[in-house]
Amino acid sequence: MLDFRVETFLTVCRTMNYTRAAEELNITQPAVSQHIAHLERDYGVPLFAYRNKKLQLTDAGALLRDALSTMAHDERLLRDRMRSSATGARVELSLGMTLTAGEYLVAAPLADYLRRHPELHVAVRSGGTSELLALLNAGEIDCAFVEGFFDKNAYAWDVFRTERLVCVCAADHEFAARPVRVEDLFDERLIVREPGSGTRAVLEHALAAQNLTVDGFAQASVVESLDVIKILVEHDLGISFLYEAAVARELAAGTLRVIDLEGLAILHDIAFIRLKNSVFEREFQNLFADL
């Protein structure tokens, strides 16, 4: 059983605000301060520091956060496994998926996996990469499939698939002149996912490599739903950059087509990530290998 001050520390790490942490934990702010002070005395180092009036983790605090996050997660998972062993209940697993990875890449193999493992009960959380990383760090999910960028030194991870991000338009869309480079599309309306989504982060990273940005397009419309983006593009209301797997059905049906551009081959890994050094790492590896 972890010390109750560990929960306080991890809550402050997540909120970076003593008052908000106190509200979430239903304790007083002085109690939060006392819990952190106790840990700092125990470890002999400061865990937090204010820089420009903003609360930040020290290097030592970051090391402790990473270690305690895994320990807190493993304790919760261990309790679930022990309860399942004693009562015969199904084994619980909480899995995160970014929208594109989940719907178009992971859902089908996961369904096959669950059919082969009826003893397992999976709860699926969807969200952007940054949101899922926060849930993973907080121990609210056990592992995740993400398409966005993350600190590869901070997590255990494997490449699930490598996907191509392509520019698509309506099948009957007419250009004033055949586009050759990204800049030739700047007069078009770009329909793009919201900031924080993995698809958008990958696009922005690829554009930045050519000293370009989303702002270079004459118009940019933000749409959070991938299905809505596809419908809008099919109705010739703009162009978009989407993973090829996500538009495979529309490309086959002839309602969308790929705009081939010179110098813009965007390949990106869909990663299976989890906390480092978990005692359940072998279980996660078996899940990954069996998908």
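Among contacts in the protein between residues at least 6 apart in sequence, 73% join residues at least 24 apart. The model is predicted. It holds 291 residues, of which 45% count as buried. Ten helices and eleven strands make up its secondary structure elements, and the C-alpha trace spans about 70 × 55 × 30 Å along its principal axes.

**Domains**

- The chain is divided into domain 1 (2–59), domain 2 (68–159 + 268–288) and domain 3 (160–267).
- Domain 2 is thus written as two segments, 68–159 and 268–288, with domain 3 given as 160–267.
- The centres of domain 1 and domain 2, taken over C-alpha atoms, are separated by 27 Å.

**Interface of domain 1 and domain 2**

- On the domain 1 side, five residues are in contact with six residues of domain 2.
- About 540 Å² is buried between domain 1 and domain 2, and 77% of this area is on carbon and sulfur atoms.
- Within domain 1, the residues that lose the most area to domain 2 are Leu 2, Leu 10 and Arg 14, which together account for 75% of what that side buries.
- No salt bridges are found across the interface of domain 1 and domain 2.
- The count of residue pairs in polar contact between domain 1 and domain 2, with both residues at pLDDT 80 or more, is also zero.
- The side of domain 1 that touches domain 2 consists of four nonpolar residues, no polar residues and one charged residue.

**Salt bridges centred on Arg 76**

- Side chains of opposite charge can pair when their charged atoms come close.
- In the protein, the count comes to 17 salt bridges.
- Arg 76, Asp 80 and Asp 142 are linked in a network of salt bridges.
- One link in this network joins Arg 76 to Asp 80, with the closest N and O atoms 3.5 Å apart.
- Both Arg 76 and Asp 80 lie in helix α4 (residues 59–87), where they are four residues apart, about one turn of the helix.
- Arg 76 counts as partly exposed because its relative accessibility is 28%.
- Asp 80 has a relative accessibility of 12%, so it counts as buried.
- Another link joins Arg 76 to Asp 142, and here the closest N and O atoms are 2.4 Å apart.
- This second pair links distant parts of the chain: Arg 76 is in helix α4, while Asp 142 is in the loop between α6 (129–137) and β5 (143–146), 66 residues apart.
- Asp 142 has a relative accessible area of 1% and is therefore buried.

**Salt bridge of Arg 161 and Glu 163**

- Arg 161 forms a salt bridge with Glu 163, and the closest N and O atoms of the pair are 2.7 Å apart.
- The relative accessibility of Arg 161 is 36%, so this residue counts as partly exposed.
- Glu 163 is buried, because its relative accessible area is 6%.

**Arg 5**

- Arg 5 is located in helix α1 (residues 4–15).
- With a relative accessibility of 18%, Arg 5 counts as buried, since the cut-off for buried is under 20%.
- Not counting residues up to four places away in sequence, Arg 5 touches His 35, His 38 and Leu 39.

**Asp 227**

- Asp 227 is found in helix α8, which covers residues 226–234.
- Its relative accessible area is 35%, so Asp 227 is partly exposed.
- Leaving aside neighbours within four places in sequence, Asp 227 is in contact with Glu 103 and Tyr 104.
- Asp 227 and Leu 256 are 29 residues apart in sequence, and their C-alpha atoms are 13 Å apart in space.

Conventions:
Residues are numbered from 1 along each chain as its sequence is written. Side-chain values use heavy atoms; hydrogens and water are left out. Domain bounds come from an automatic or database domain assignment. Contact means heavy atoms within 4.5 Å. Buried area is the accessible area (1.4 Å probe) that two parts lose on being put together, summed over both. A salt bridge is a side-chain nitrogen of Lys or Arg within 4 Å of a carboxyl oxygen of Asp or Glu. A polar contact is a pair of N or O atoms within 3.5 Å; within protein, one must be able to donate a hydrogen and the other to accept it, and residues adjacent in sequence count only if both atoms are side-chain atoms. Ala, Val, Leu, Ile, Met, Phe, Trp, Tyr, Cys and Pro count as nonpolar, Asp, Glu, Lys and Arg as charged, and the others, Gly among them, as polar. Helices (H or I, at least four residues) and strands (E, at least two) are DSSP runs, numbered from the N terminus. Buried means under 20% relative accessible area, exposed over 50%, partly exposed in between (1.4 Å probe, protein chains only).
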